[in-house]
Amino acid sequence: MEYVTLSNGVRMPMLGYGVYQVSREECERCVLDALGAGYRSLDTAQSYYNEEQVGSAIQKSGIPRQDIFLTTKVWVEHYGYDAARASLLDSMAKLQTDYLDLVLLHQPFADYYGAYRALEDLYREGRLRAIGVSNFYPDRLVDLASFARIRPMVNQVEIHPYHQQEEAKHWMDKYGVQAEAWAPFGEGRGGLFQDPVLTAIGQKYGKTAAQVILRWHLQRGVVVIPKSTHPERMQENLAVFDFTLGEEEMAAIAALDKKESAFFSHQDPNMVEWFVQMVDRRKTRQDSTGEPKNW
């Protein structure tokens, strides 16, 4: 495993296991499989509705809690200081832990300043080892980093070879914020797994296009959290520490950048309206499976 050191000195594994759209029925088994394969970083969220299953799997695994880097995210309906604080204490109960390694604000909407103050206080109390945000575009990230008491340590955004986020990463680097990729494969949209550049590089090293993509992320200093429900794919995603891409190969992948989201823009007002409606629907549905990957 390779690690990054966050701005506060906390070490974070560069490759973890994400459980977005992993159903509650499958989640415990999948997390146990991932831990058995060697993953020690887990990424969940309040809006995934599977925190309890993640917590149960950690307990059943027998792996000491301190050996696992555990991340969750605060959902928009819990923004504001009091709601965010209460929701995180509830998340800790569901995850069967008295502290969290990393907590992110899931979206740049609603009262994220109030919610972030709750993260800051829980961090100062020792309940959170690191705090950050997700889906914050450079303007909002710079705003928060400039006026918050504690700068965000991580920003989890869409990053993959077809949307490399060079500008966003520039601002993250400037403010000491670690870049983390959701959808590190872009869900394979646009034929990414069949891209001739990636497949040719993979053939050279005896690796799949997916493994080449993960290696590319790691060499850019981007944390990744690929999700799979298949044990063999989990193991495959971990097998990326035994080769290194050369400068020409990194440059060839850099040239694939289309500089646009494979999903949507959080800065599109039509998308923001859709997002608000989706938040309301999910209050009663309480399920993230079957939805398009969009955060």
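Start by selecting helix H9, residues 231-238, and pick out Met234, Asn237 and Leu238, which are buried (under 20% relative accessible area, with exposed over 50% and partly exposed in between, for a 1.4 Å probe and protein chains only). Look down the axis of H9: the buried residues fall within an arc of 100°, so they line one face of the helix (the arc is taken over directions from the helix axis to the C-beta atoms).

A word on what's loaded: it is a predicted model, where local features need pLDDT of at least 70 and side-chain atom pairs count only at pLDDT 80 or more, while totals for chains, interfaces and linings use all residues. Residues are numbered from 1 along each chain as its sequence is written, and side-chain values use heavy atoms, with hydrogens and water left out. Helices (H or I, at least four residues) and strands (E, at least two) are DSSP runs, numbered from the N terminus.

Now bring up what the buried side of H9 packs against: strand S3 (17-18), H1 and helix H8 (209-219). Contact here means heavy atoms within 4.5 Å.

Stay with H1, residues 24-37: H1 and H9 pack at an angle of about 40°, with their axes 9 Å apart. Axes are lines fitted to C-alpha atoms, for helices over the stretch in contact, and angles run from 0 to 180 degrees between N-to-C directions. That angle makes H1 oblique to H9 (under 35 degrees is roughly parallel, over 145 roughly antiparallel, 65 to 115 roughly perpendicular, and the rest oblique). To see who touches whom, select Arg29, Cys30, Asp33, Ala34 and Ala37 on H1, then Pro231, Met234, Gln235 and Leu238 on H9. Colour them by class and you get six nonpolar, one polar and two charged. Ala, Val, Leu, Ile, Met, Phe, Trp, Tyr, Cys and Pro count as nonpolar, Asp, Glu, Lys and Arg as charged, and the others, Gly among them, as polar.

Next, try another helix pair: H2 (residues 51-61) and H3 (residues 81-95) pack at about 45°, axes 7 Å apart. This makes H2 oblique to H3. Glu51, Glu52, Val54 and Gly55 in H2 meet Ser91, Lys94 and Leu95 in H3. By class, this contact has two nonpolar, two polar and three charged residues.

Last stop: phenylalanine 69, in strand S5 (residues 69-74). Is this residue buried or exposed? Phenylalanine 69 is buried, at 3% relative accessible area. Leaving aside neighbours within four places in sequence, its contacts include Val10, Met12, Leu42, Leu102 and Arg129. Show serine 41 too: phenylalanine 69 and serine 41 are 28 residues apart in sequence, yet 4.5 Å apart in space, C-alpha to C-alpha.
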